[in-house]
Amino acid sequence: MHPLARRLVTKMNGIGNEIVLLDLRDSPYELDARSVRAIAQAPDLAFDQLMVLHAPVSAGTEAYVRIYNRDGSEAGACGNGTRCVAWTLMQDTPHETLRVETLNGILVCERKGERRFSVEMGRPRFGWQDIPLSGPVPDTAAIPFPIGPGGTPLLAAAVNVGNPHAVFLVDDLDAYDLSVLGPALEHDAIFPERANISFAQVRERNHIVVRVWERGAGLTYACGSAACAVLVAAVRRGLAERNAVISLPGGDLHVTWRQSDDQVVLAGPVELEFKAILESRWFEDAAA
Ligand SMILES: N[C@H](CCC[C@H](N)C(=O)O)C(=O)O
């Protein structure tokens, strides 16, 4: 029997960002890409991200969380999934805040309402090695790509908010077909670890509309770290306040880029869908 067989998983979403949670805090088992893809292909479990809870490593944290994309690749951050993790862990405690550890460090989560949570996503990084890019560029907030009308350059703001993002601030979101541009830009040679790609239109200084193509997952209804990346990019261009509503196809998130400590804080609702039991044959089929 596969080590994950008979394990319970929880299907949730954060404004339509499809999340599956697997709690392995009592087991040393670590998933490989093939097991991740097997779960993604199981009936009804198609996820954008799989959040796997492992036993805590650092003092004061509740879990060490590893984050996987639908294609089996590992991500450093997932804002919506971390909010789902916060809901799960806070079920068992009277606490209103808790800390989880990820590849990207220790994140503080806070309950903001019955099904509403915030997560401190860390400090944005703009250096070419940190994003990462394949080499230095004159300005990481304005990297030209020849994808504007008639092949004219459109400027991307690149930023790492725990994972790599490229943000295009445009006047008309509908003029760009992300299902075509997304995969090409995700794999552009300038991004050695690929990148999450967002197109964003600033409506007001505190309201931005966003569409996102996620690295390793494709078009999604929402992406928390992309919401953070967009807000940071718009603030750097002088187009938005440090506190704004980010509207994604699945709903609204609130992002604050705190002046006091440079942290980007993401808040929004989470939804519990159902629980399911992993079946051994899903992993055997995937191995075949
Ligand atoms: N949906 C996630 C981000 C996943 C990022 C992932 N696609 C990657 O960096 O590889 C979020 O809410 O932040």
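**Exercise 1. Is Gln 49 buried or exposed, judging by its C-beta neighbours inside 10 Å?**

Step 1. Keep in mind that this is a predicted model. The chain averages a pLDDT of 96, and 99% of the residues score at least 70.

Step 2. Find the residue: Gln 49 sits in strand β3, which covers residues 49–54.

Step 3. Apply the cut-off. A residue is buried if 20 or more other C-beta atoms lie within 10 Å of its own. Gln 49 has 29 such neighbours, so Gln 49 counts as buried.

Step 4. Look at the company Gln 49 keeps. Setting aside residues up to four places away in sequence, Gln 49 touches Ile 19, Ile 67, Tyr 68, Asn 69, Ala 75, Cys 78, Gly 81 and Ala 217.

**Exercise 2. Locate the two residues that UniProt lists as "active site", and describe their surroundings.**

Step 1. The record, an unreviewed entry, names Cys 78 and Cys 223. They are spread over 146 residues of sequence, yet they cluster in space, with a largest C-alpha distance of 7.6 Å.

Step 2. Take Cys 78, found in the loop between β5 (74–75) and α2. Cys 78 counts as buried because 32 C-beta neighbours lie inside 10 Å. Beyond residues up to four places away in sequence, Cys 78 touches Gln 49, Met 51, Ile 67, Gly 224 and Ser 225.

Step 3. Now take Cys 223, in the loop between β14 and α4. With 34 C-beta neighbours inside 10 Å, Cys 223 is buried too. Leaving aside neighbours within four places in sequence, the contacts of Cys 223 are Asn 17, Asn 196, Val 212 and Glu 214.

**Exercise 3. Work out which parts of the chain form the shell around the ligand.**

Step 1. Start with confidence in the complex: the predictor gives an ipTM of 0.98 and a pTM of 0.97.

Step 2. There are 19 residues around the ligand, and Ala 75, Asn 80, Asn 163, Gly 224 and Ser 225 come nearest. Helices α2 (79–91) and α4 (224–236) are the elements that give two or more residues to this shell. The most comes from α2, with three residues.

Step 3. Sort the shell by class: five residues are nonpolar, 11 are polar and three are charged.

Step 4. Turn to the domains. Domain 1 (8–122 + 271–287) and domain 2 (143–262) each supply at least three residues to the shell.

Step 5. Consult the record. UniProt's "binding site" feature, from an unreviewed entry, includes Gln 49, Asn 80, Asn 163, Arg 215, Gly 224 and Ser 225.

**Exercise 4. Place Arg 215 and say why Arg 215 counts as buried or exposed.**

Step 1. Arg 215 belongs to the loop between β13 (207–214) and β14 (218–219).

Step 2. Within 10 Å there are 23 other C-beta atoms, so Arg 215 is buried.

Step 3. Apart from neighbours within four places in sequence, Arg 215 is in contact with Asn 69, Glu 186, Arg 194, Ala 195 and Asn 196.

**Exercise 5. Describe how domain 1 and domain 2 meet.**

Step 1. The C-alpha centres of the two domains lie 24 Å apart.

Step 2. At the contact, 19 residues of domain 1 meet 20 residues of domain 2. The side of domain 1 that touches domain 2 has five nonpolar, 11 polar and three charged residues.

Notes
Residues numbered from 1 in each chain as written. Predicted model: local features only at pLDDT ≥ 70, side-chain atom pairs only at ≥ 80, totals over all residues. Near = placed C-beta within 6 Å. Helix = DSSP H or I, 4+ residues; strand = E, 2+ residues; numbered from the N terminus. Nonpolar A, V, L, I, M, F, W, Y, C, P; charged D, E, K, R; others polar. Domains from an automatic or database assignment. pLDDT = per-residue confidence, 0-100. UniProt positions renumbered as here; feature names shortened; annotations may be inferred. Buried ≥ 20, exposed ≤ 12 C-beta atoms within 10 Å, placed from the backbone. Contact = placed C-beta atoms within 7 Å.
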